[in-house]
Amino acid sequence: MNAELAAAQEALVRAMTAGGQLPPGFDEAGVRVAARAILRKRAGEVARAWPALAASYGQDWPETFARWAAERPTNGSIRDAWDFARAHKDSLDAAAALELALTETRFHYDGESPPRPRRLAVRRVPGGVAFQLNGRARLISRR
């Protein structure tokens with residue numbers, strides 16, 4: 001494969017998945033349709049990975065996620081979900097906030113490196129506290 005073709009393909013993928021500039025010679029409308037389909041697919045994958053997060057947005061989930069993800073390359077559905085949840089932490093409903101807190105109790109994630117299991121962690125969650133010790137997570141309710 002020659003370098004020019006490889007560069008054009010790389011630019012096309014970036015345009016379709018991370019809001020990059022469309023390279024010359026491609027159908028702009030067709031690329032936009034394909035990019036929207038990729039974003040909706042990512043939203044579906046994130047919904048399967050973090051169901052409470054997606055459910056908290058109801059029918060608006062695919063569009064809400066697509067707007068957020070349009071300028072961000074994917075890091076996989078789990079990290080996409082985690083990044084989205086952190087970016088919207090203040091507006092999450094109780095179930096989505098619990099999903100985020102429990103995940104952060106079990107794994108360390110700095111937003112860049114792949115998540116790593118934690119040995120010990122404690123997090124406040126809606127209605128109580130979650131703790132994790134050596135891979136076993138527990139939720140202690142205040143009620």
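Trainee: What pattern does the protein chain follow along the sequence?

Mentor: The protein chain reads α-α-α-α-α-α-β-β-β-β-β. Helices (H or I, at least four residues) and strands (E, at least two) are DSSP runs, numbered from the N terminus. This is a predicted model: local features need pLDDT of at least 70, side-chain atom pairs count only at pLDDT 80 or more, and totals for chains, interfaces and linings use all residues. Residues are numbered from 1 along each chain as its sequence is written, and side-chain values use heavy atoms, with hydrogens and water left out.

Trainee: What is the radius of gyration of the protein chain, and what does the globule rule give?

Mentor: The radius is taken over C-alpha atoms, and the rule is 2.2 Å times the number of residues to the power 0.38. Here the radius of gyration is 18 Å, well over the 15 Å that the rule gives for 143 residues, so the protein chain is more spread out than a compact globule. Along its principal axes, the C-alpha trace spans about 60 × 35 × 20 Å.

Trainee: In which sense do β3 and β4 pair?

Mentor: Two strands pair if DSSP finds at least two bridges between them. Strand β3 (residues 120-125) and β4 pair in the antiparallel sense over 6 bridges. R124 stands opposite V129 in β4. The two strands form a hairpin with 2 residues between them, and G127 in the turn has a positive phi of about 85°.

Trainee: Which strand pairs with β4 over 6 bridges in residues 136-141?

Mentor: That is β5, again in the antiparallel sense. Q132 stands opposite A137 in β5. This hairpin also has 2 residues between the strands, and N134 takes a positive phi near 50°.
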